[in-house]
Amino acid sequence: MKFLKYRLDRCTMCGSCMAACSKAWAKKDDPALSRISVNNVTGLPDIKVCNQCGGCIAVCSSMALERDKNGVVQIRRDRCTSCLICVEFCPSASMFFSSDIPSPFKCVACGICVKACPQDVLSIVEEKEA
Amino acid sequence: MEEMRLLAEWKYEPKKLYRGYSKEFLSVDLGREDGAFSCDVLPVSEDMIEKFTGGRGFGLKILWDKVTPRSKWDDPENALVISGGPICGITQYPGTGKTYTVFLSPLTGQTYNSNAGGYFGPFMKASGFDALSVSGKASENVVLFIDGDEGVVRLFAWEPEDRNSYTVTEALHDHFAENEEDKRNISVISSGEAAEHSWWGALNFSFYDPRRGLPRLKQAGRGGGGTVLRDKKILALVVKKRNFSGTENNPADLSVLQKVGTKLHREIRQNDDVQCLMRKIGTAHLNLVMNDYDILPVNNFKFGRHEDIMEIDPVRYGFTQGYADGCWYGCSLACAKAVDGFELLTGPCRGQKVTVDGPEYETAASLGPNVGIFDPLWTIEANFYADHYALDTISLGTGLAFVCECFELGLITEEHTNGLELNFGAKDDLLELIHRMMDGRDDFANVVSQGIRRMKTLFADKYGADREIMERIGMEGQGLEVSQYRCQESMAQWGGYFLTLKGPQHDEAWLIFMDMVNKQLPTFEDKAEALFYFPNFRLWFSLVGVCKLPWNDVEPSDNRIRYKGIEAAKVPEHVQNYLEIYEGVTGKPLSREEMILQSERVYNYERIFNLRMGKGTRQYHNIPDRALGPVFPDEWEARSEYFDGKLKEAGHDPEGLPVEEKISLLQAHRRREWEKLVDAVYERRGWTPEGIPTIETVKRLGIDYPEVLDVLERRG
């Protein structure tokens with residue numbers, strides 16, 4: 001299973017990852033459209049990004065969420081009905097939404113943000129199924 | 001499957017929705033058994049939107065124009081008018097797929113409106129229609145199919161061997177879908193073979209469950225809508241809409257829906273496990289709660305609790321299997337439960353393993369304790385067949401409970417029941433009676449399935465049963481059977497059930513806890529205020545197409561801290577959610593006062609509609625003795641200390657009195673209280689002492705149309 005891993009102790013909250021992500025996936029430099037979220041909480045970085053746990057798969061009654069061959073949870077836009085239940089039932093609060101894009105969006109471990117991060121905070125790791 | 005034959009086809013240009021409306025409705029007429037089919041796309045005027053909002057409001061307006069004061073339920077001009085309302089079909093807020101069906105009811109002889117989930121309403125809207133009206137009568141069995149993508153309406157003749165609901169629904173999902181993936185794009189409204197004879201005929205609305213790989217059924221069960229459908233020779237209404245995205249309503253501000261909706265999803269995730277357990281268990285958990293408060297109907301509402309209650313503990317048995325389901329996209333409250341892999345032991349499907357929808361609370365109580373049965377497997381089997389044959393499980397259970405009591409009192413005997421021993425708890429014979437309701441060949445089953453009001457007449461006329469006793473114990477009002485809460489000890493709920501527009505269901509007001517447990521409605525004025533506010537507030541759900549459950553079956557954690565008493569019961573934060581969603585969809589701001597005004601218009605219009613049909617006055621707001629208090633000594637003695645106390649409060653010393661006299665005194669006292677309640681409620685609603693809206697009221701509400709004033713003037 002492929003997923004994005006982060007080290008909070010290295011993060012300077014520069015926002016490069018969000019800019020790279022939103023530009024790549026939403027064609028716009030806008031942190032609100034990024035699939036990784038970095039917030040400043042009491043002066044410390046708080047990163048929200050999908051760990052591919054699959055909790056959202058069970059909550060979606062239209063079966064719009066499924067794993068691809070790499071174990072990454074993908075949203076099938078042809079099935080998604082934009083209800084956003086997955087957003088609030090995500091255990092890691094890493095399913096995002098915007099009224100510009102009615103269906104939700106999430107990290108698919110593409111690695112674009114890894115290259116953009118100047119502090120080496122992020123990495124794509126592969127975990128073998130037990 | 002048996003071949004379908006195309007009878008007629010009409011093309012239309014599917015109009016895109018704008019801010020929740022297409023401003024068009026589809027009107028189909030099946031002729032007078034003469035093949036003179038017609039199909040018209042008609043406009044929805046701005047005035048109709050302003051005065052009737054949508055949903056049930058549109059249904060009533062369209063039906064008013066279709067029928068005359070002399071129309072009966074089985075006349076061709078009676079219509080089934082199906083409408084969702086402006087919010088229906090959004091997916092961003094839980095419980096937004098509700099649809100109302102309005103028609104003249106066989107049970108009550110006046111208008112009825114019955115709601116269901118499932119996907120029909122949202123798909124119909126996305127196909128370009130704010131409402132669908134179907135009138136007329138075909139000469140052979142037909143299926144009406146709307147393809148919302150192609151813009152075509154087709155009418156087919158179809159004669160399947162099995163006309164029961166699960167069979168018809170599955171066949172039509174298969175037939176109209178191109179492949180498995182396409183089945184979710186279809187919704188079917190069907191009924192069953194019992195609806196061809198019974199007046200309890202239900203409408204089953206389908207949604208396709210891709211996880212189970214089968215269509216599920218949600219019922220607009222009450223009032224006999226399925227009976228009307230089959231009387232028109234309609235087997236099914238089908239709609240197909242592909243690629244549903246959740247934004248078809250073209251809302252004024254999607255971000256508002258997202259913000260308010262995700263807030264409620266969060267609340268449900270955080271609070272449901274400690275509040276109402278809707279996701280994990282569903283409404284059937286109420287069995288235990290009602291038992292604790294003596295509200296669970298046991299043996300035709302005689303008793304309120306039973307020692308075998310834990311036999312039907314839904315946690316222990318598991319009416320909820322698999323996973324949490326909603327009956328429309330986006331409902332995280334997910335109360336639509338199912339029992340999977342259930343092997344049927346009786347009837348035409350004996351031996352088959354099926355998925356049974358529910359049982360929900362009403363069914364778990366009606367086809368359970370109310371007929372003296374505490375066996376969940378029996379309840380599930382009865383639930384399956386009631387849905388399949390299309391019998392309203394609420395009326396069925398309350399009706400069977402009445403039959404059992406009549407049988408135990410000796411008012412009817414085995415000679416009349418064609419050999420069935422219909423005591424309370426008679427599992428085999430009661431299930432057999434349900435099966436006999438299906439094909440219309442058993443004269444006793446036919447009498448029973450026309451409802452308690454007809455049973456009282458026919459039992460008296462045909463079998464010589466004592467009419468007076470039956471009037472006291474038959475739990476019906478306006479011809480409709482009471483749903484599954486005992487209201488004896490809550491005066492406000494007497495009104496919640498029996499001062500309603502369409503009869504004693506529970507969608508106007510459920511005031512038992514507020515009144516009986518929390519003592520928040522001490523005076524007649526308080527009760528009248530509650531019987532003004534809650535029926536109007538809850539009616540609003542039926543105008544816009546939303547479900548009642550997410551209003552107060554989950555609450556903000558701080559609701560009871562921020563608000564007290566009745567204000568807390570209103571759940572103000574959720575009311576605010578509705579106002580925001582309404583504006584988010586329609587672009588029109590709405591205040592709490594305007595919300596009630598929208599409802600009040602339709603509430604009074606419906607009341608006047610019933611007046612127009614020869615009902616709708618004080619004399620039709622009947623209440624049976626059993627709803628007011630104990631009728632027989634065993635009921636008193638089950639809680640003698642409690643009832644003795646109530647008699648003392650009424651100014652009578654119970655000491656030394658025979659039980660029969662105590663019952664008589666309490667009944668007389670409560671009858672007087674009832675009349676005072678009726679006076680207070682009518683006054684608060686702006687009605688005359690006869691229960692008729694005044695001219696001033698209809699003028700204030702802006703529904704002073706000439707035809708409305710004409711009805712009021714004719715009735716003096």
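**Close-up views of chain B**

**View 1. The second largest pocket has a lining of nine nonpolar, three polar and ten charged residues.** Welcome to this predicted model. The pocket encloses about 490 Å³ of space. Its lining comprises 22 residues, and those nearest the centre are E489(B), M491(B), K646(B), E649(B) and R670(B).

**View 2. Four helices of chain B, α16 (491-498), α17 (512-517), α26 (640-649) and α27 (659-685), each bring at least two residues to the lining of the second largest pocket.** If you are following the helices one by one, α27(B) is a good place to pause: with four residues, α27(B) gives the most to this lining.

**View 3. Helix α16(B) is mostly covered, with eight of its eight residues buried.** Here you can pick out M491(B), A492(B), Q493(B), W494(B), G495(B), G496(B), Y497(B) and F498(B) as the buried residues. They pack against β16 (476-477), α17, α18, α24 (625-628) and α27 of chain B. One residue links this view back to the pocket: M491(B) is buried in α16(B) and is also among the lining residues nearest the pocket centre.

**View 4. The largest nonpolar core holds 229 residues.** Helix α18 (residues 524-544) of chain B gives the most to this core, supplying twelve residues. The residues with the most contacts inside the core are L132(B), L237(B), L400(B), F459(B) and W540(B).

**View 5. L237(B) is shown with its contacts beyond four places in sequence.** Around L237(B), look for I82(B), F120(B), L132(B), V134(B), L144(B), S187(B), V188(B), I189(B) and L229(B), each in contact with it. Of these partners, L132(B) may be familiar from the previous view, being one of the residues with the most contacts inside the largest nonpolar core.

Note on methods. Residues numbered from 1 in each chain as written. Chains lettered and ligands numbered in written order. Predicted model: local features only at pLDDT ≥ 70, side-chain atom pairs only at ≥ 80, totals over all residues. Heavy atoms only, no water. 1 Å grid on protein atoms, 1.4 Å probe; cavity = no way out; pocket = protein on both sides within 12 Å on 5 of 7 lines; lining within 4 Å. Points joined across faces, edges and corners; volume = space filled by probe spheres on them. Nonpolar A, V, L, I, M, F, W, Y, C, P; charged D, E, K, R; others polar. Core = buried A, V, L, I, M, F, W, Y, C linked by side-chain atoms within 4.5 Å. Buried < 20%, exposed > 50% of the residue type's maximum accessible area, 1.4 Å probe, protein only. Contact = heavy atoms within 4.5 Å.
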